[in-house]
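The following exercises concern the arrangement of protein chains and DNA strands in one structure. Each task is followed by a solution in steps.

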2 protein chains.
Amino acid sequence: MVKQTDEKQVEGRAEQTRQALIEAAIKLFGNKGYDHTSVRDLVKEAGTNLAAINYHFGGKEGLRQATIEFLAQDFKNHGPGQAMAAIDPANIHSLSKDEARQILRQVMKSAFMQANQRKFGDKHARYVLRELVQGGELTEYFFDKVFSKQFALLRVLVAHLTDDDPESETTRVRSILIVAQSAFLNLAQPLVLLALDWEDFSGDKADIIGEHFWVNHE
Amino acid sequence: MVKQTDEKQVEGRAEQTRQALIEAAIKLFGNKGYDHTSVRDLVKEAGTNLAAINYHFGGKEGLRQATIEFLAQDFKNHGPGQAMAAIDPANIHSLSKDEARQILRQVMKSAFMQANQRKFGDKHARYVLRELVQGGELTEYFFDKVFSKQFALLRVLVAHLTDDDPESETTRVRSILIVAQSAFLNLAQPLVLLALDWEDFSGDKADIIGEHFWVNHE
DNA sequence: ATACGTTTCAAACAGATGTTTGAAAATAAG
DNA sequence: CTTATTTTCAAACATCTGTTTGAAACGTAT
């Protein structure tokens, strides 16, 4: 009898606990890291039982992968990717250098700001970055699924600014050094805040940083 | 009778095992990280007994601290600090902009190259960076003991190039963004190598990168 | 209503971890 | 040599970890 009328039926209980666990994983992995988060912490945060992780994801490692996949998707939809999605690679060549420069800085700024003001807070982005940096399978997975395309687009922009080839070694190095600035500030937030004598990146702080990214060529 | 004649007496066995444990810690913490290195792995690598860590350092955490302190000292003597030690802060003001620019780039290059060609290999530097980035007590310790002075010197250089105050917010941001480039390339080595399509930073690779650091102002 | 597959839950399990213990060995001092 | 102190070592300990188990609760279809 109870089919679609009951609210809790719109998606099965199973799917609900799966999502609750992924949310808990994003929060706890982001705060304390994968290793320092026990499955008991996770199921408590998700409000479910100890056996749930193994039942739904086959184990803690399975939950990590599901979490990364979820975040990879989320990054494409709402993350730095969104800022670059508006750019048409084919049109870049018709831009003036000044326009391209301006676009590049704008992309950097919004990418950085988005990474620091996400739905789940900055922990969200830092967890992904930590995974990305660590090395191992997940690094390659994330590189293939998310980073690689956005990096290619960035190279086209940089190459246009320097009258170079997007695939050249020079362009690759210049581009990764642009990424490095934004990424490191997220990754090494504790150290960076000490160096800047700030409490956090809130308010106009992210905007101030965005103004000083090194993106000029001439 | 046996006093200084026996070779093994020049420093007590205790000190020997302490150093062996610290070396093992640098190697294993650097390779697999603190959490994934067991005390059994450590004492095996150091060629001593399971109880040695607790006896000499009071515990695994004590060994970590001793290791960080050792590396902090080492960084001052042989690390990026060495490259900056040659610079006299008082003389910077008398340099031309071009000279200062050149020095800044040279410091960046040698810092990066040294971090990638150390005694214990790049693992050495990456372990410290990871600790530095993580947050917590060790971040503050390392910031106070090592980073803070070198960062102040970097700010003087940058401020001279931009006719700004070394303590200004602008200078701080610009300076940390310079650090970010070198630091991220070490920290995120797995990802960076993927993006650059390289196997490692060996040979002239480090030099190529050094040429492209963003340090120009005008 | 009954039977069936799915999902939850409490309890127990097996393994690894850091630490402690107490005796043996090595070193230093008397 | 004898004694006292320091250092090593093997074994046991206590705790925490991820995982498994089997029964109970739930929802669904016959």
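**Exercise 1.** Identify the residues that come nearest to DNA strand C, and describe the surface around that strand.

*Solution.* The model is a predicted one.
Step 1. DNA strand C has 23 residues around it, of which A:Ala14, A:Ala51, B:Ser38, B:Asn54 and B:Gly59 come nearest.
Step 2. At least two residues each are supplied to this surface by helix H1 (13-32) and H3 of chain A, and by helix H2 (39-46), H3 and helix H4 (60-78) of chain B.
Step 3. H1(A) provides the largest share, three residues.
Step 4. Sorted by class, the surface near DNA strand C holds ten nonpolar, eight polar and five charged residues.

**Exercise 2.** Carry out the corresponding analysis for DNA strand D: which residues are the closest to it?

*Solution.* Step 1. DNA strand D is surrounded by 22 residues, and the closest are A:Ser38, A:Asn54, A:Gly59, B:Ala14 and B:Ala51.
Step 2. Chain A contributes through helix H2 (39-46), helix H3 (52-57) and helix H4 (60-78), and chain B through helix H1 (13-32) and helix H3 (52-57), each with at least two residues.
Step 3. The largest share of the surface near DNA strand D comes from H1(B), with three residues.
Step 4. The division by class is ten nonpolar, eight polar and four charged residues.

**Exercise 3.** Determine by what turn and shift chain B can be laid on chain A.

*Solution.* Step 1. A turn of 180 degrees, with a shift of 0.0 Å along the axis, lays chain B on chain A with an RMSD of 0.1 Å.
Step 2. This is therefore the relation of a two-fold axis.
Step 3. Both copies use the same surface, as 100% of the contact residues of chain B recur in chain A.

**Exercise 4.** Establish how many residues each chain gives to the contact, and which helix of chain B gives the most.

*Solution.* Step 1. Chain B and chain A each enter the contact with 32 residues.
Step 2. On the side of chain B that touches chain A, helix H7 (122-134), helix H8 (137-162), H9, helix H10 (189-196) and helix H11 (205-212) each supply at least two residues.
Step 3. H9(B) gives the most, with 13 residues.
Step 4. This side of chain B comprises 23 nonpolar, five polar and four charged residues.

**Exercise 5.** Characterise H9(B): what is its span, and where does it bend?

*Solution.* Step 1. Helix H9 of chain B covers residues 169-187, 19 residues in total.
Step 2. From first C-alpha to last, H9(B) reaches 25 Å, close to the 27 Å expected at 1.5 Å a residue.
Step 3. H9(B) bends by about 30 degrees at B:Ala180.
Step 4. H9(B) is mostly covered, with 17 of its 19 residues buried.

How values were computed. Residues are numbered from 1 along each chain as its sequence is written. Chains are lettered from A and ligands numbered from 1 in the order in which they are written. This is a predicted model: local features need pLDDT of at least 70, side-chain atom pairs count only at pLDDT 80 or more; totals for chains, interfaces and linings use all residues. Copies are superposed by least squares on the C-alpha atoms of residues with pLDDT of at least 70 in both. Two residues are in contact if their C-beta atoms, placed from the backbone, lie within 7 Å. Helices (H or I, at least four residues) and strands (E, at least two) are DSSP runs, numbered from the N terminus. The expected span of a helix is 1.5 Å times one less than its number of residues. The bend at a residue is the angle between axes fitted to the seven residues ending there and the seven starting there. A residue is buried if 20 or more other C-beta atoms lie within 10 Å of its own, exposed if 12 or fewer, and partly exposed in between; C-beta atoms are placed from the backbone. A residue is near a molecule or strand if its C-beta atom, placed from the backbone, lies within 6 Å of it. Ala, Val, Leu, Ile, Met, Phe, Trp, Tyr, Cys and Pro count as nonpolar, Asp, Glu, Lys and Arg as charged, and the others, Gly among them, as polar.
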